[in-house]
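Please look at the chain shown here before reading on. The report that follows goes from the interior outward, through single residues and backbone details, to a pocket.

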Amino acid sequence: MTENPVHLVAVIGAGPAGLFAARALAAQGARVVLLNRDVKPGGLAEYGIFLNKYKMKGGLRRQFQKILSDPLVTYLGHVRISNGGDLTVRDLAGMGFDALVYAIGAQGTKYLGVDGERLPGVYHAKDLVYHYNRLPPFSERPFPMGRRVAIVGVGNVMVDIANYCAHFADCDEIVAIARRGPFEKAYDDREFEDVEDAFDRALYREEIERIRLRLEAAGQNPDELLAALAAKPETSPRARARLRFRFLASPKRVVAEGGRVVGLEVEENRLERKGDRVTAVGTGETSIVRADTVVFAVGDRVDEHAGLPYKDGLYLTVPGEDPAAAYQVLDPAAGKAQPGVFVVGWARRASDGVVGRARLDAETGIKHVAGYLAGRPKRPRGEAERAVESLRRTLAERGATVVDYAAVQRLEAAEKARAAANKVEEFKFASDREMLDAIRS
Ligand SMILES: Cc1cc2nc3c(=O)[nH]c(=O)nc-3n(C[C@H](O)[C@H](O)[C@H](O)COP(=O)(O)OP(=O)(O)OC[C@H]3O[C@@H](n4cnc5c(N)ncnc54)[C@H](O)[C@@H]3O)c2cc1C
């Protein structure tokens, strides 16, 4: 161990943003403690990216492995920082870290205020995604899928949910519901290839004809859509499920009979141009899309119970033009930055983009952290190590079962062995208990 003096920084959250933040900090010689709610690191790279994207997840895991093997980085998993968690935000603030970097993602649920949104058979995409990617406790709860699934939203997460419904659940019909039209779709065509085999072209053409006049009224040309469709090569179906779109429809109410979901009431919209934006305006006309399962894939918000200042789905950062401000957590009472407290990744901008974007956001954030640290004295390395040990002791005293990186590696080896024995590509224990048992044995 070198005896160079160091800054001691806690990064909270070991998803892509937290991990790449840790890497950037360690590259500058900082001593980093990475505190993570989940037993395993990776966040949505582990528990969000679609279940059979093995190559992508494998590549990211290898990058994370390198970061977590750096002697300047200590991983402490299975530790929740929040009100009622293993430590609170206030506890951490009093522990003498030179900076705190929150990278806890967007763990809150965005409710649209639609009647029936909390009925059984109605899911929010993140919960379902966590379930099929086996993140406890979502992996331990059943998420029964019906035969007719309505998915609200037309982003990449909708595509993942449609993929799950078509190829991993026993669904017949999947309807993707969009407030606006086909020109405003938010998913990437490359992602859509995964569900192209289920995509019902005839129903798509019918839908374009149904809304033709409203598209034309907004200056859009539906024939461009039909030509693009005709130019796309057909894919042979791999599953029974058919995927269709319902455009220009805003959800109004989940319709249930005897406590069971039977449909989603939607209001028809027309499109209005406002500058270069196209907005949806309700027409007052409603109809019912038949469905026995409804999934809201409309993005997430940050966790309002984490203990960071919160408003309208976001953590409060310092207002103003200074580029560093957007990464600095606000002290609302003082009207200025909480010294040394930063936020990066999806915790800063909920549901904003892919892993590469979270990495870039983390790296940009760490540049501002470095600017802040430059004005603070370093401490001897031995003192930093004693502070890390003291944090471990505090967590143990509070009854936390902390999982360090050596333990994660034992868990990964046990899961690999299970996958090999079961002749499957990947195996994941479904509960924290099973993971902790595998680590101990
Ligand atoms: C369904 C879905 C599919 C996706 N597919 C892709 C894809 O194919 N390719 C791609 O590039 N990107 C994909 N993304 C986007 C990508 O996952 C995100 O860009 C990225 O994971 C965001 O990183 P983050 O670290 O900010 O947040 P997260 O990945 O959410 O990480 C947050 C971390 O914080 C921890 N945490 C949360 N709360 C606390 C707390 N209170 N205390 C301590 N720790 C806490 C969590 O355990 C987690 O490890 C997908 C996203 C979703 C939702």
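In this predicted model, the largest nonpolar core has 97 residues, and those with the most contacts inside it are Met145 and Phe245. The largest share of this core, 8 residues, is given by helix H1, which covers residues 16–27. Apart from this core lies another one, made of 29 residues, among them Leu76, Val79, Leu87 and Val302. In soluble globular proteins, nonpolar side chains tend to be buried together.

Methionine 145 deserves a closer look. If its neighbours within four places in sequence are left aside, methionine 145 is in contact with Tyr123, Leu128, Tyr164, Cys165, Ala169, Cys171, Thr293 and Val295.

**A covered strand**

Which residues of strand E2 lie on one side and which on the other? On one side are Arg31, Val33 and Leu35, on the other are Val32, Leu34 and Asn36, and all of them are buried, so that both faces of the strand count as covered. Put as a count, 6 of the 6 residues of E2, which runs over residues 31–36, are buried. Strand E2 pairs with strand E1 (residues 8–12) in the parallel sense, over 5 bridges. Within this pairing, alanine 10 has valine 33 of E2 as its bridge partner.

**Three buried residues**

The table sets out three residues, each with its place in the chain and its relative accessible area.

| Residue | Place | Relative accessible area |
|---|---|---|
| Alanine 362 | helix H10 (residues 355–373) | 0%, buried |
| Serine 250 | strand E10 (residues 249–257) | 13%, buried |
| Alanine 400 | loop between helix H11 (381–397) and H12 | 15%, buried |

Because buried means under 20% relative accessible area, alanine 362 counts as buried at 0%, and serine 250, at 13%, is buried too. Alanine 362 is in contact with Ala17, Phe20, Ala21 and Val344, leaving aside its neighbours within four places in sequence. The C-alpha atoms of alanine 362 and alanine 24 are separated by 8.3 Å, while the two residues are 338 residues apart along the chain.

Serine 250, again leaving aside its neighbours within four places in sequence, is in contact with Arg179, Glu265, Val266, Glu267 and Asn269. Alanine 400 touches Asp86 and Leu395, not counting residues up to four places away in sequence. Between alanine 400 and alanine 218 there are 57 Å in space, C-alpha to C-alpha, and the two are 182 residues apart in sequence.

**Backbone details in the loops**

Most residues other than glycine have a negative phi, and most peptide bonds are trans. Histidine 78 has a positive phi of about 65°, although it is not a glycine, and lysine 423 likewise has a positive phi, near 55°. Histidine 78 is found in the loop between strand E3 (73–77) and helix H4 (89–93), and lysine 423 lies in the loop between H12 and helix H13 (432–440).

Are histidine 78 and lysine 423 buried or exposed? Histidine 78 is buried, because its relative accessible area is 18% and the cut-off for burial is under 20%. Lysine 423 is exposed, because its relative accessible area is 75% and exposed means over 50%.

A further detail of the backbone concerns two prolines. The peptide bond from proline 136 to proline 137 is cis, with omega near 0°. Proline 137 lies in the loop between helix H5 (125–132) and strand E7 (148–152).

**The second largest pocket**

The second largest pocket has a volume of about 600 Å³. Of the 23 residues that line this pocket, the closest to its centre are Gly58, Arg61, Glu412, Lys416 and Glu426. The elements that give two or more residues to the lining are helix H2 (44–47), helix H3 (54–68) and helix H12 (405–421). Helix H3 supplies the largest share of the lining, 9 residues. What kinds of residue make up the lining of the second largest pocket? The lining divides into 9 nonpolar, 3 polar and 11 charged residues.

How values were computed: Residues numbered from 1 in each chain as written. Predicted model: local features only at pLDDT ≥ 70, side-chain atom pairs only at ≥ 80, totals over all residues. Heavy atoms only, no water. 1 Å grid on protein atoms, 1.4 Å probe; cavity = no way out; pocket = protein on both sides within 12 Å on 5 of 7 lines; lining within 4 Å. Points joined across faces, edges and corners; volume = space filled by probe spheres on them. Helix = DSSP H or I, 4+ residues; strand = E, 2+ residues; numbered from the N terminus. Nonpolar A, V, L, I, M, F, W, Y, C, P; charged D, E, K, R; others polar. Buried < 20%, exposed > 50% of the residue type's maximum accessible area, 1.4 Å probe, protein only. Core = buried A, V, L, I, M, F, W, Y, C linked by side-chain atoms within 4.5 Å. Contact = heavy atoms within 4.5 Å. Pairing = 2+ DSSP bridges.
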